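Biologist: Let's go through the labels on this model one by one. I want the reasoning behind each.

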Amino acid sequence: QLLTQRVPRQHLVFQGEPVPLESLLPLPKDRLIGILTQAVGAIGVAPGEPSVSDIFRDFPLLPSLIRNAVSEWASAIGTFLQRLHRDQPWMAAALHCTPLPHIEAISGTASDAHAGGHSVLRVCFQGGGCLYYKPRPITGEWLWHDLLDAIARIDPQLRLPAACVFTRDTNRNYGWAESVFSEENCFSNTSQARPPATVDYWHAAGAMLCLAQFVRLTDLHVGNIICTPWGPAVTDAECFATPNLHRPPWEKNSQEHAPISDALEAILSTGLLPRKRDRDQPDVSGFFAHATPVSAVRLPAWFLGPEGRYHLTPVGADLVAHRNAPRETTPLAVLPQILSGYRHAAELLIRARITLLAPGSQWRSVLEKLHAPRIVLRDTLTYGWLLSRSLEPQYLRSFYRRRNVILAELQSHSGQNLPSALLRAERNAILQLHIPRLTILPGSRTLATGPGRVIARRFTASTPAQSVLESIETLSTESIDNLHVPALLSTIL
């Protein structure tokens, strides 16, 4: 009802058929369950108890949180429907499918909820074709796809899968992405079928690792990698061109930061390989994470007590299986293939950089003038824990108490001296039940929120473009043999 009140009637119909809005209802439902669970659990409920008015009386912050969540969802879906209708003719032409088929379903993905309640949506059309709506800048995905295309033009044997992205927006502030699976790319008979796989999966994985390292594509954890018949594919490249932060003065001349250490860190920062971790922490690396119990994380679950009332009890969590690898294995077991793919891609990148980095090239222009990489200062698990902490019953009775506990936890989880403006931006996002989205503005070293509000200037050691250009321009046959391959071996061994 809220959608039909807010959205123009013509946007509720697509190609003469009603848009299946009912498939979108799980999104706000799941969010509301997350908001209410701990408050209801604190009371301990029997079937039919307590009433909504009782819960709202005991926890006066709940009504505004619920109202805001529902309002954001309706506004975000309204924006999506507006863009869908506006872009439909252009998308149909790009996909060689005029007109686009009817929409069969729209669903959410595992992406985070950011400011305004926006999140990635999967749009499934009649006939099996799917598009992914990304309500954020897609320059990272465009740069990654164009890089892989340049590599494949030099050597078609190494054609790594990547989703094609397109948008009408001049600044690429949102866009649409194709699926990396052929069965979901069946919009027209003129679509070019993917060539059969010509390299081993782990050879392709080694090539991806190399390219991600040198274009500084980070945050490729298990949720951002998907296994395809042609090799691993990146589903989220918004951290393309992540620049380094400033080093503390006492580390600048340290032997620990010799070139080999920088190469090691560049490899590990991709997120594709496992890092050293505590035994109770799960491996969430893009290539090697797999389903496993996570003893360090406790999640609330409902249990019926002997008195006939339901109570929340913390239980151990599990890292669920993702389609991030063809089988469960270890880096050591596939080291020869990873190493051969790494060398293969490095040699091709040296050849491709002449075109990619040429002054005036479109790739370089987008990198220097448009791309604002997301920078991850805390992982999603930490933000998720802070969100859950802020919804504990004792913090749902006072806005000031909830705000102060969020700020205190952010400060206690800061391993480095972060600007106070950053902590405030993170706090404000969590107060609205959002995962903070922080970026480095194009052509600058300035840290900003997703909408472009400046937080701190000179926050990074270089601009995003400078970090990538220096990384690629200094690559040579000698540095591959004497620096980067030894760093890769050290990382795995």
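Modeller: Start with Cys 130 in this predicted model. Its relative accessibility is 3%.

Biologist: What makes Cys 130 count as buried?

Modeller: Buried means under 20% relative accessible area. Cys 130 has 3%, so Cys 130 counts as buried.

Biologist: And Cys 124, buried or exposed?

Modeller: The cut-off is again under 20%. Cys 124 has 15% relative accessibility, so Cys 124 is buried.

Biologist: How many disulfides does the structure hold?

Modeller: Zero.

Biologist: Why is Cys 124 in no disulfide?

Modeller: The nearest cysteine sulfur to that of Cys 124 belongs to Cys 130, 3.2 Å away. A disulfide needs the two sulfur atoms within 2.5 Å. At 3.2 Å the pair misses that cut-off, so Cys 124 is in no disulfide. For Cys 130, the nearest cysteine sulfur is that of Cys 124, and Cys 130 is in no disulfide.

Biologist: On to the helices. At what angle do the axes of α5 and α9 cross?

Modeller: Roughly 155°, with the axes of α5 (residues 139-154) and α9 (residues 362-369) coming within 10 Å.

Biologist: Why is α5 called roughly antiparallel to α9?

Modeller: Angles over 145 degrees count as roughly antiparallel. The axes cross at roughly 155°, so α5 is roughly antiparallel to α9. The crossing is left-handed.

Biologist: Which residues meet there?

Modeller: Thr 139, Trp 142, Leu 143, Asp 146 and Leu 147 come from α5. From α9 come Gln 362, Trp 363, Val 366 and Leu 367.

Biologist: How does the contact of α5 with α9 divide by class?

Modeller: Six residues are nonpolar, two polar and one charged.

Terms used
Residues numbered from 1 in each chain as written. Predicted model: local features only at pLDDT ≥ 70, side-chain atom pairs only at ≥ 80, totals over all residues. Heavy atoms only, no water. Axes fitted to C-alpha atoms, helices over the stretch in contact; angles between N-to-C directions. Helix = DSSP H or I, 4+ residues; strand = E, 2+ residues; numbered from the N terminus. Parallel < 35°, antiparallel > 145°, perpendicular 65-115°, else oblique. Left-handed = near helix turned anticlockwise from the far one by under 90°. Contact = heavy atoms within 4.5 Å. Nonpolar A, V, L, I, M, F, W, Y, C, P; charged D, E, K, R; others polar. Buried < 20%, exposed > 50% of the residue type's maximum accessible area, 1.4 Å probe, protein only.
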